[in-house]
Amino acid sequence: MRLGLSCGFFGQGRDEENLALVQRADELGVDVVWAAEAYGPDAVSVLAWIGARTERIGLGAGVLQIPARTPAATAMAAVSLDSLSGGRFRLGLGVSGPQVSEGWHGVRFARPLARTREYVDIVRMALAHEPVTYQGQHFTLPLPDGPGKPLRLTHTHRRPIPLYLAAVGPKNLELAGEIADGWLGVFVAPDYFPEQRAQLEAGMARRSTPPPAFDTTATVAMATGDDLEACARTVSPYPALYVGGMGSREQNFYNQLACRMGYEKEATLVQDLYLDRRWAEAAAALPPQLIDDTSLLGDVDRVTERMRRYRDAGLTTLTVAPWGRDREARMEALEVAVQAHARLADDGA
């Protein structure tokens, strides 16, 4: 199981601190850093900035929003980042949610699975340096009633770029298994992952040729220390945002995930509090077991054991998101993660 790093969203006043974390992760041999985007800094700019200041660490888009760019623009960004970084880029894609898609990008959210399938088809066609021509329900290239013609990516870089899908719901997990090279998951619990893996494998079974490897990547919040309750309080705003406020009351995929994991009553309360702007109360209402199951909390011994559970469940990359009151606490969490990961390697993983 490889180790990754997530610094969350950039543009929140901690960019230099985040960069220091990434540079330390680069020195320590962490496999990849993932950059996200919502409606602040875009991940392409962030990854270019990080890539120019690091040497070895992989640069993952986690994720580029499908409604934010045409498929061709995504392919152009992917080859640019990969070439400029010396082959370090990994392309993660996701449909975002209805509020961002329709409210920020002006793109209808309807039929997200079909749109994702067509989008990936076109991105792969462009990355393969084929003339881009496509007739789908959501995309038509070239447009049939104008001067456009099928064009081919002019970039000469030809290394295959790994393509990941962020997926939460069962059908989207199946789609990731069917058309992607890897899956990006959040709030993954080791005991629940076998169900998600079965959905990924159901999608893989529909392929004519199985992928040589499929990377299952989970991002988990992390806080270190001897006081587990304090660690849980430190990371609790992260799941509260997603379970409570990432989407509308009717369409929140992370809230639905918490319900599928057995926390329906608690997830409803967290959402009610969050949408009422009672953010601290929403974080406090999260079930401690849910936080512990989907995070890495405690000292190096406990973190090692929790990492072992993820490895034994079948995750191939564990991405840690260090939380803490200041730069030193987040850096300490990263160091503990690397130490725990090294311990797993020593026991024969």
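## H9 against H11

Helices H9 and H11 sit roughly perpendicular to each other, because an angle of 65 to 115 degrees counts as roughly perpendicular and theirs is about 90 degrees. Their axes are 8 Å apart in this predicted model. H9 covers residues 237-245, and H11 covers residues 264-275.

On the H9 side, the contact is made by Ala240, Leu241, Val243, Gly244 and Gly245. H11 answers with Ala267, Val270, Gln271, Tyr274 and Leu275. Sort those residues by class and you get seven nonpolar, three polar and no charged ones.

## H1 alongside H15

Now for a pair with another geometry. Helix H1 (residues 15-28) and helix H15 (residues 327-346) have axes that come within 10 Å and cross at roughly 20 degrees. Angles under 35 degrees count as roughly parallel, so that is the label H1 and H15 get. As for handedness, H1 goes past H15 in a right-handed crossing.

Who does the touching here? From H1 come Glu17, Asn18, Ala20, Leu21, Arg24, Ala25 and Leu28. H15 brings Arg327, Arg330, Met331, Leu334, Glu335 and Val338 to the contact. The class split for this contact is seven nonpolar, one polar and five charged.

## Helix H5 and its surroundings

H5 runs over residues 112-127, which makes 16 residues. At 1.5 Å a residue it should span 22 Å, and the end C-alpha atoms are indeed 22 Å apart, so expectation and model agree.

Quite a list of H5 residues is buried: Arg115, Thr116, Glu118, Tyr119, Val120, Ile122, Val123, Met125, Ala126 and Leu127. What lies over them? Among the helices, the cover includes H3 (71-84) and H6 (170-179). Strands chip in too, including E5 (89-94), E6 (134-135), E7 (140-141) and E8 (163-166).

## The two ends of H5

Pro112 lies in H5, and its relative accessibility is 23%. Buried would need under 20% and exposed over 50%, so Pro112 counts as partly exposed. If you follow the chain from Pro112 to Ala337, you travel 225 residues, and the C-alpha atoms of the two are separated by 35 Å.

Past the other end, look at His129. This residue comes just after H5 and takes a positive phi of about 65 degrees.

Definitions and conventions. Residues are numbered from 1 along each chain as its sequence is written. This is a predicted model: local features need pLDDT of at least 70, side-chain atom pairs count only at pLDDT 80 or more; totals for chains, interfaces and linings use all residues. Side-chain values use heavy atoms; hydrogens and water are left out. Axes are lines fitted to C-alpha atoms, for helices over the stretch in contact, and angles run from 0 to 180 degrees between N-to-C directions. Helices (H or I, at least four residues) and strands (E, at least two) are DSSP runs, numbered from the N terminus. Angles under 35 degrees count as roughly parallel, over 145 as roughly antiparallel, 65 to 115 as roughly perpendicular and the rest as oblique. A crossing is left-handed if the near helix is turned anticlockwise from the far one by less than a right angle, and right-handed if clockwise. Contact means heavy atoms within 4.5 Å. Ala, Val, Leu, Ile, Met, Phe, Trp, Tyr, Cys and Pro count as nonpolar, Asp, Glu, Lys and Arg as charged, and the others, Gly among them, as polar. The expected span of a helix is 1.5 Å times one less than its number of residues. Buried means under 20% relative accessible area, exposed over 50%, partly exposed in between (1.4 Å probe, protein chains only).
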